Amino acid sequence: MIIKKDKDVIKNYFEDNSGIVGAYADFVAIAENENDVCEFLSEMSKSSIPVTIVGKLTGNTASGLAFGGSILSLEGLNKISEIEKIEKENIQTENAYISVQVGARVDDIKLKVAKEGWMYPPDPTEKNASIGGNISTNASGARGFKFGATRNYVQALKVVFSDGSYSFIERGKYFADENGSITFDTNQGKRYITLPRYHLPKIKNAAGYHNYPGADLIDIFIGSEGTICVILEAVLKLIPHFKSIFGGIIFFQDRKDAYEFVDKVKNLSKDTQKRKLKNSISAMSLEYFDKNALLLMENDYPVIPKNVEVGIMFEQDVYENNRDILTEKWIEVIEDSDINLENVWAASNVAELEQFRIFRHKIPERVNEMIKKNKIPKLGTDFAVPEGKLLEIIDYCDKKFKAIDVFNLTFGHIGENHLHANILAANIEEYNKCKQIYVDIVEKVVEIGGTVSAEHGIGKARHIFLEKMFGEEGFQEMAKFKKSFDKSCILGQDNIFPKKYL
Ligand SMILES: Cc1cc2nc3c(=O)[nH]c(=O)nc-3n(C[C@H](O)[C@H](O)[C@H](O)COP(=O)(O)OP(=O)(O)OC[C@H]3O[C@@H](n4cnc5c(N)ncnc54)[C@H](O)[C@@H]3O)c2cc1C
């Protein structure tokens, strides 16, 4: 274990993308091997020293920021193994898996498997995040519309608990019984835990510990934001890589036309998936950029026409020799929607689509730069709402934004009814005014059955919003649940729920 105490060195671990300032720790422990982690945790437990686990600190919610105690960095545990293929009896390859240590960069994993014809589908926009961070926040991205979140591709995990014991959890091995209790094996014997009793909305969600009747234990660790275990290794499920890809960003002068187009593509894509059709539209992503998000990018991207209200991005992946047929189908749906092809920024291959990713990445990046410059915490929503409720919440946000004169912009995963509305306060007075707007939006989201976080998690920055979903009773349940894994309560203090509940 490498221990760093020099203030000038460890200050690099005191900042993530939440804009929250004031993080501090006594020292940073950088694990050189897995055994280091077990020994370190056992020692910290005995001395009751808080441990904040960090990946690459690209998180948006301060969940990787320490406020006292120690920081455990897993940056050195970054091995990516060879792909393991599971072959069918008739010798056709059906599935492939890859084992990784948690410090590995997600993008390095994606690039490695792509070279061998496989795809690790989750694609959060931030390329530098670690796979440990992605698993601990159940990250997702634009392609979540077709593939879902990180959870869907985690097949097994090696986890270490705060007493230094560890366990290898495979998907499909340990399930909750009718009372919500799960018994599982560790290297130091059996452990028992009981799931919290609150219910999660049945939509894309990254708010609170995951649970559902008959839950698979592995799902509990995914999205647990560094509060119940240190994840050391993961076995990830891969799928065959697409043969080719194309896509476009369509610019709309009228918002209504954009929403109608999205609805049409969503319905077609769902039908294609349900009926396993080969030659029909099945969008891989469906993304939304509002007028102000486009305005922010206008100088860098002359391709954006003047006076547009909305941009909708789509990607179509192609697995068979039917690219021409699929292209025709997209042109048909675009023309049927009376869209002028001059208002489409088209991409016909991976390299051109990479420009879309850069474009998408630049928006939150610009937002983060502005936030850092103003030294004001980030006010960005991460809500998702049930099918059929999106326009209601967009209208609600619009009304709220009109009532204040503060720059705001919205972008996100419209295919999953999941949007990031950002309010960019210039000073603390504006921030306080905007905070109330944010709370109002959160209350509306909860009222219509949505979630306050669909992909970034809660961290330390969003307790008050999570409380709107689960109330104080929910926090008490979560604290009890955490303690059943982390008796000494040293891991990720103040993440997900306030530490006063411990
Ligand atoms: C420009 C930009 C774009 C982004 N786009 C997306 C996006 O599209 N989708 C998305 O979901 N997120 C996005 N994010 C947020 C961020 O990249 C994700 O939350 C990511 O999962 C964080 O990974 P990390 O390695 O940086 O983790 P950190 O920020 O270091 O940590 C995040 C959390 O994970 C815990 N953790 C990390 N490693 C472990 C481990 N091994 N064991 C247990 N706990 C651990 C930490 O304690 C903390 O609670 C974006 C961020 C930026 C800056």
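This tour visits one strand with its two partners, and then a pair of helices. The structure is a predicted model.

**First stop: strand β13**

Select residues 244-252, which form strand β13. Seven of the nine residues in β13 are buried, so the strand is largely enclosed by the rest of the structure. In general, the side chains of a regular strand alternate between the two faces of the sheet.

**Second stop: the partners of β13**

Add residues 310-318, strand β15, to the selection. Strands β13 and β15 pair in the antiparallel sense, and nine bridges join them. To locate one of these bridges, select I250 together with I312, its bridge partner in β15.

Next, add residues 344-347, strand β16. The pairing of β13 with β16 is also antiparallel, and four bridges are found here. Select G247 to see a position whose bridge partner in β16 is A347.

**Third stop: helices α11 and α12**

Now select residues 390-403, helix α11, and residues 428-447, helix α12. How do the two axes cross? They come within 10 Å of each other and cross at roughly 160°. Because angles over 145 degrees count as roughly antiparallel, α11 is roughly antiparallel to α12. The crossing of α11 past α12 is right-handed.

To view the contact itself, display the side chains of I393, Y396, C397 and K400 in α11, and of I437, D440, I441, K444 and V445 in α12. Which kinds of residue make up the contact of α11 with α12? Six are nonpolar and three are charged, while none is polar.

Note on methods
Residues numbered from 1 in each chain as written. Predicted model: local features only at pLDDT ≥ 70, side-chain atom pairs only at ≥ 80, totals over all residues. Axes fitted to C-alpha atoms, helices over the stretch in contact; angles between N-to-C directions. Helix = DSSP H or I, 4+ residues; strand = E, 2+ residues; numbered from the N terminus. Parallel < 35°, antiparallel > 145°, perpendicular 65-115°, else oblique. Left-handed = near helix turned anticlockwise from the far one by under 90°. Contact = placed C-beta atoms within 7 Å. Nonpolar A, V, L, I, M, F, W, Y, C, P; charged D, E, K, R; others polar. Buried ≥ 20, exposed ≤ 12 C-beta atoms within 10 Å, placed from the backbone. Pairing = 2+ DSSP bridges.
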